[in-house]
Amino acid sequence: MLYLNDPLLLKQQLFINRKWVDGDSEKSISVQNPATGIEICKVASATKEDVVFSIECAQDALQTWRATTAKQRAELLKNWYHLIIENIDDLTSILTVEQGKPLAEAKAEILYGASYIEWFAEEAKRMYGDIIPSNKSSQRLLTIKQPIGVVAAITPWNFPNAMITRKAAPALAAGCSIIVKPSETTPLSALALAELAQRAGIPKGVFSVVIGVDSKEIGKELTDNPLVKKLSFTGSTKVGKILIKQCADTVKKVSMELGGNAPFIVFEDADIDQAVKGAIASKFRNAGQTCVCANRFLVHSSVYQAFTTKFVEATKKLVMGNGIEAKVSIGPLITAAAVQDVHAKVTYAAENGAKILLGGSPSQLGANFYPPTILSDVTPDMRVFKEEIFGPVAPIIAFDTEQQALELANATEAGLASYLYTQNYSRIWRFSERLENGIVGINEGVISTEVAPFGGIKQSGNGREGSKYGMDDYTEIKYLCMGGLV
Ligand code: ADP
């Protein structure tokens, strides 16, 4: 049962042009609680015409929106931010029931998501250009930054709130209009954000939300339509590659936050307790379903036993269950299929010589639950090493030299986050500079913040979200060459 202080935050329609609309009369989306399998409610499913209309409305709205002052846009974003904070308890409950993460984590996500709106409300006012010293005395050269135009955002189920605000806030701050297509698995947080955007006074057409049973069809329209100038996507590498190809015909600018395969490296001089604390935070947040979760633990052989023993002990303290219960620290996976996929990777490792130190078999709690699992004696040919696990499984592999650790860490096409634990500051610099990742946590397992750039290299994608760089993805630089000066 979902109890809300403000029941109007539970929306079941699409939000287009500042109106709530019904979508396809023949179809709807059943939103289920992953902890219980019980349906929370049904949500409307967009037709292709709804998507086209949302794009046309965004294009109409753009002309007025881009002409507003940065201060005006900042005020509206701040209104939105304050409404989110005022309604945080309801937004937290909605997020936990549709996504499964424990209440404390859901609340942290709402705060984290809101922090991007606050940050970009401030950054809107700092969209500076340059004056460039010219080679000719008759010229003055300058640049201005302008909004790129209509933006489409496609977001995943693992952060149903924050992945939207991370894209919508910089887009709106820059003067773009945006259409968000959240995951059909977790649409309720997106629709609650839309309700609050409406209350905040964000004008019609500037922020719309479309959802549908057929994400491919919606994605095709968002990528094919020439009115859309930019696509920002967070999700799997597989779908990201499809979307990049689809954007090629209209040469859209793309930002991609794709899968990771984060190495977590513990050197012989690491503070082991600090490393264990970081490992728990990085590995088990959202039951291992984040793209920056530690995916492979590389531990120096001289501290392998000490680290592993303490890590197992600390992991045993996690309480798995329905995230709505206060004592729970790890929730379900998103679907039973996800559990089967994670279990297949664990089984493959065990059959090929890995030892299961903790967990390792599906839980009695229900089809969507998989217990925190730790594997030792892992080798680089195992799926848990090569693939993103997206579940609460920690594979541990030993190394003897720094060079070996570096080669293992970089032996993947993914390049999002990495973590290293050492007290040697020369090594920190040397190693961090050679790691092929967009983000390096140094003696720190929690790296996400709105003030720093989040993003990957290699096949983990491109673009950066948050920080002073975060608006670059939503702006074009225009160069003005003024000549004929005497
Ligand atoms: P995840 O494993 O996180 O679900 P996906 O990449 O499958 O990752 O999904 C992320 C987002 O992409 C979701 O909103 C989903 O509906 C959407 N999506 C999935 N397939 C497509 C597609 N072919 N075209 C457009 N969007 C898609």
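In the predicted model examined here, an oxygen atom of the ligand is placed 2.7 Å from an N or O atom in the side chain of S236, a polar contact in the sense of a pair of N or O atoms within 3.5 Å. Ligand oxygen atoms also lie 3.0 Å from an N or O atom in the side chain of K181 and 2.9 Å from one in the side chain of W157. Taken alone, the ligand exposes 550 Å², of which the protein buries 82%, with areas computed by the Shrake-Rupley method with a 1.4 Å probe.

Residues are numbered from 1 along each chain as its sequence is written. Because the model is predicted, local features need pLDDT of at least 70 and side-chain atom pairs count only at pLDDT 80 or more, whereas totals for chains, interfaces and linings use all residues, and side-chain values use heavy atoms, without hydrogens and water.

Strand β18 (residues 417–421; strands are DSSP runs of E with at least two residues, and helices runs of H or I with at least four, numbered from the N terminus) is largely enclosed by the rest of the structure, because 5 of its 5 residues are buried, that is, under 20% relative accessible area with a 1.4 Å probe and protein chains only. In a regular strand the side chains alternate between the two faces of the sheet. In β18, A417, Y419 and Y421 are buried on one side, and S418 and L420 on the other.

Strand β12 (residues 262–266) pairs with β18 in the parallel sense over 3 bridges, pairing requiring at least two DSSP bridges, and F264 has Y419 as its bridge partner.

Terms used
Buried means under 20% relative accessible area, exposed over 50%, partly exposed in between (1.4 Å probe, protein chains only). A polar contact is a pair of N or O atoms within 3.5 Å; within protein, one must be able to donate a hydrogen and the other to accept it, and residues adjacent in sequence count only if both atoms are side-chain atoms.
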